Amino acid sequence: MTWDVLRARLRSALPLYPVGPSVANAPEGPAGCVVCRGPARPGLVRCYQCGRHELTGHGLLADAVVPVCYAIKGTAFAGALWRYKSWTAPSAAARRWLAALLLSFLHDHGSCVWRHAGMPPPGRLAVVPTGCGRPGPHPLLELASPYLRLPVTRLAVRPGSQGRDLDVDRFRVGKSAAGAGVLLIDDTWVSGASAQSAAAALKLAGARHVAVVVLGRHINPADPLAAQLTARLAPARYCASACAVHDPEPPAGATPDSTARLSLSSDR
Ligand SMILES: [Zn+2]
Ligand SMILES: [Zn+2]
């Protein structure tokens, strides 16, 4: 697969998946919680969950959380984020499209993410384990890791840890995280408790930096707190040149990031 194929795949899927915007695309600029871009109460910089994480996980949280898109409940995009990992009938189309979205984003905006996290390009890749502890490789890792020249640090759910809150002991991490900058990927951010628990586990295992890139920041339009945000997002479409940490032009000196160690030139 080449970049041209990848971009064509992304473009062709856009009409099928009216993604909603990349987070920075709302005309007024980045919205909501400064951590996860979800809805926050007026006057507060963080949403309720990120505020709690700050209290219980201070010093161990991800250095940056960058959602690629909003996943508005009931939209085709939100559906794709489930269908790609269905146990019984995973959708091949959703897999292809999400892979194109993630890899194009890392190529175009990886350097924005690393800068936002205050870290050099990552040396390791990790994925937030699924809550149910499904066996086998995580489907998102299966999609992305063949194209990312990053060794994988594995996280495993510690038996008995299934809470809904941030839990710095929820995951076990191998020794490979020590001293590393880690790109931690996930499909959906709802409360962020899993991703931040994974970030904390990586930090406790010695990771120097953790940057979370998540495909969809879940939004429930029935949530009264989300009304203002969803109203702003409704007319927007995904725009590949914008991301959550700058709007809409890339910062001076930003270049597409070959240091994300994407290898797409080989045929796959
Ligand atoms: Zn938040
Ligand atoms: Zn960017």
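User: Happy to dig into this predicted model with you. Which residues touch the most other members of the largest nonpolar core?

Analyst: Good place to start! The largest nonpolar core holds 79 residues. Among its members, those that touch the most others are L184, L202, A211 and V212.

User: Which element gives the most to this core, and with how many residues?

Analyst: That element runs over residues 92-117. Burial fits the picture, with 20 of the 26 residues in helix 4 being buried. The top contributor to the core is helix 4, with 14 residues.

User: Where is the kink in helix 4 centred?

Analyst: The span gives a hint: a straight helix of 26 residues would cover 38 Å at 1.5 Å a residue, but helix 4 covers only 33 Å between its end C-alpha atoms. Helix 4 has a kink of about 65°. The residue at the centre of that kink is H109.

User: What phi does G118 take, just after helix 4?

Analyst: G118 follows directly once helix 4 is over. Its phi is positive, at about 65°.

User: Back to the core: which residues does L184 contact, leaving aside neighbours within four places in sequence?

Analyst: Contact here asks for C-beta atoms within 7 Å. L184 has partners on several stretches of the chain, including A62, A126 and V128. The others are A195, A198, A199, L202, V210, A211 and V212.

User: In what order do the strands of the open sheet lie?

Analyst: The sheet has four strands with parallel pairing. Its edges are strand 1 (64-72) and strand 2 (124-127), each pairing on one side only. Neighbouring strands are turned by 15° against each other on average, direction ignored. The order is 1-6-5-2.

User: What is the bridge partner of L125 in strand 5?

Analyst: Strand 2 pairs with strand 5 (residues 181-189) in the parallel sense, over four bridges. In strand 5, the partner of L125 is L183.

User: What angle does the direction of helix 6 make with that of strand 5?

Analyst: Two helices that pack on the sheet are worth setting side by side. Helix 3 (residues 76-83) touches strand 1, strand 5 and strand 6 (209-219), and its direction makes about 115° with that of strand 1. Helix 6 (residues 193-204) touches strand 2, strand 5 and strand 6. Its direction makes an angle with that of strand 5 of about 165°.

User: How many helices and strands does the chain have?

Analyst: Along the sequence, the pattern reads α-α-β-α-α-β-α-β-β-β-α-β-α. That gives seven helices and six strands.

Technical notes: Residues are numbered from 1 along each chain as its sequence is written. Chains are lettered from A and ligands numbered from 1 in the order in which they are written. This is a predicted model: local features need pLDDT of at least 70, side-chain atom pairs count only at pLDDT 80 or more; totals for chains, interfaces and linings use all residues. Two strands pair if DSSP finds at least two bridges between them. Axes are lines fitted to C-alpha atoms, for helices over the stretch in contact, and angles run from 0 to 180 degrees between N-to-C directions. A nonpolar core is a set of buried Ala, Val, Leu, Ile, Met, Phe, Trp, Tyr and Cys residues joined through C-beta atoms within 7 Å. A residue is buried if 20 or more other C-beta atoms lie within 10 Å of its own, exposed if 12 or fewer, and partly exposed in between; C-beta atoms are placed from the backbone. The expected span of a helix is 1.5 Å times one less than its number of residues. The bend at a residue is the angle between axes fitted to the seven residues ending there and the seven starting there.
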